[in-house]
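Please look through the structure shown here before reading the notes that follow, which are grouped by topic.

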Amino acid sequence: MSVTDLDQPAAPTVDAEEARRARSRRIEKTARWLLPLLVMALMIWIWDRIVVWNEIPHFILPSPARVWGSLTGDWAILWDSALLTGRITLMALAIAVVGGAGLAILFNQNKMVELSLYPYAVILQVTPVVAIAPLIFIYVESKTVGMLMCAWIVAFFPVLSSTTLGLNSVDHNLRDLFRIYGATRWQRLWMLQLPSALPYFLGGLKIAGGLSLIGAVVAELVAGTGGVGTGLAFRIQEAGYRLNIARMFAALAIVAAMGVFIFAALSLLSHMLLRKWHESAIKRET
Amino acid sequence: MAQIAPFAERYELMRVNAVDKVFPGNVQALRAMSLTVREGDFISLLGPSGCGKSTALRLIAGLSEPTSGRIEWSKPRAQGDLGVVFQEPTLMPWATVAQNVYLPFRLEGKTYASVKDEILEALKLVGLDKFQNAYPRELSGGMKMRVSIARAMVTQPKLILMDEPFAALDEITRFKLNNDLLDMQARIGCTVIFVTHSVFESVFLSDRIVVMAARPGRVIEELHVDEPYPRGEMFRTSPEYAAHCRAASQALEQAMEAAA
């Protein structure tokens with residue numbers, strides 16, 4: 001900005017340059033939401049044409065209009081199911097956050113606990129939840145508890161590993177400074193390690209949000225009918241048995257929308273917490 | 001605020017007594033270092049990289065233990081008696097300027113309200129009282145360093161350790177901070193041990209220059225800069241300053257030869 005005062009003859013070009021840059025920024029801002037929408041409209045149109053031109057029966061591939069009809073027509077059923085799946089997902093995410101971050105802090109504070117338990121956290125993570133879920137439902141009476149356990153198993157690990165990384169990523173000079181001022185380990189944890197770990201934790205949280213939805217859906221599919229098994233995954237399965245493919249698509253769209261919503265909400269939370277100080281949330285001026 | 005006593009009348013603050021420091025792998029970082037620090041001294045540790053000057057500072061700060069020899073304090077040391085400034089500003093990015101300066105008090109368990117005046121005073125001393133609610137990322141490199149200095153001085157410590165604090169700054173900022181540092185030291189009346197590899201900086205700031213050599217790190221010579229404080233821009237251009245710089249440069253050259 002100050003350069004323009006020094007260099008008068010060049011000023012108009014700088015203005016033109018700046019105007020051009022501002023224009024391209026505006027275009028990019030619009031394109032950011034317009035382009036994905038156009039792609040979606042195009043895909044739906046192609047889908048519709050494929051169904052119409054090939055005269056595909058609706059029990060094999062329903063047209064977009066039919067899926068929309070199912071989405072609005074079956075809304076009451078689907079919404080109830082979405083609430084159930086959503087509740088399991090959010091509860092699992094909450095337990096994953098408490099359990100993941102809690103374990104990370106425990107591991108960080110006590111090396112012996114970490115050495116004893118960390119391998120099992122890894123084993124729990126790498127074993128596919130689809131393979132563990134049937135066993136869980138044999139021993140766990142309550143479907144809700146079983147589903148929570150499944151969702152927790154897939155969701156806690158990203159929180160645990162990223163928080164652990166964050167707790168160990170403290171600026172070593174700050175650590176020295178805390179030592180010089182005679183900080184207790186709790187002061188160091190609370191005032192230094194936890195704030196340092198916050199950006200890492202939030203990164204893990206975003207992954208865990210998506211994973212807890214996956215965990216909830218898988219758990220529902222395994223838990224099957226009966227009890228509380230009327231979540232969205234159950235609706236997909238049920239509609240499949242009845243060759244109601246349109247409702248399968250409708251339920252699938254709601255699951256996807258829930259995933260997007262969780263991701264967006266967690267991204268917003270992350271931005272709110274970090275915008276004042278962390279590099280990831282700071283807009284550069286140029 | 002304490003006044004700095006004339007050189008001959010100063011009490012001993014602490015002493016580095018025949019200290020050796022050997023790192024794993026048999027690397028001798030420091031050999032037989034002895035240094036007596038008196039209240040009000042401004043001591044520079046001057047030497048090439050690898051001469052153990054930062055190691056010496058860490059030993060004095062209590063961040064590591066000597067392999068042999070002792071660090072002896074005349075009086076038992078309390079929590080706020082020591083301030084440190086590192087080469088990096090080392091601020092907490094999630095906290096405001098005022099919160100960063102509050103840190104030493106916070107770790108002592110004092111409430112913000114009870115030390116608000118001291119924090120503001122320290123920020124005034126470094127000329128940043130208008131920035132108390134800014135976050136570190138909003139400040140320039142020199143301003144961040146000033147916050148770091150304010151944090152080190154806020155407890156009115158007896159001794160401040162500075163590890164090449166201005167090495168990363170441009171020369172104009174560095175000169176300004178050198179001037180201000182002497183001002184602040186005079187006002188608080190603290191003792192400073194200042195690690196640097198700049199001859200000019202050491203001559204301008206200190207009354208004693210400890211010249212060190214590398215491999216193994218050791219003290220080669222101690223020079224006295226018997227020029228009165230306050231020192232300002234006049235001193236920087238005086239013949240005496242030039243003479244001291246020449247002497248320090250020669251000592252440093254010897255140190256380099258001794259290491260080679």
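Why does strand E4 (residues 68-73) of chain B lie largely in the open? The number of its six residues that are buried is zero, so strand E4 of chain B lies largely in the open; buried here means that 20 or more other C-beta atoms, placed from the backbone, lie within 10 Å of a residue's own.

This is a predicted model, in which local features need pLDDT of at least 70, side-chain atom pairs count only at pLDDT 80 or more, and totals for chains, interfaces and linings use all residues. Residues are numbered from 1 along each chain as its sequence is written, while chains are lettered from A and ligands numbered from 1 in the order in which they are written.

**The sheet of chain B**
- Three strands of chain B (DSSP runs of E, at least two residues, numbered from the N terminus) form an open antiparallel sheet in the order E2-E1-E4, where pairing requires at least two DSSP bridges between two strands.
- Strand E2 (27-38) and E4 of chain B are the edge strands, each pairing on one side only.
- Neighbouring strands of this sheet are turned by 15° against each other on average, direction ignored, with axes taken as lines fitted to C-alpha atoms.

**Pairing of E1 with E4**
- Strand E1 (residues 12-23) of chain B runs antiparallel to E4(B), and five bridges join them.
- B:Arg15 has B:Glu72 in E4(B) as its bridge partner, and B:Asn17 has B:Arg70 in E4(B).

Conventions. A residue is buried if 20 or more other C-beta atoms lie within 10 Å of its own, exposed if 12 or fewer, and partly exposed in between; C-beta atoms are placed from the backbone. Helices (H or I, at least four residues) and strands (E, at least two) are DSSP runs, numbered from the N terminus. Axes are lines fitted to C-alpha atoms, for helices over the stretch in contact, and angles run from 0 to 180 degrees between N-to-C directions.
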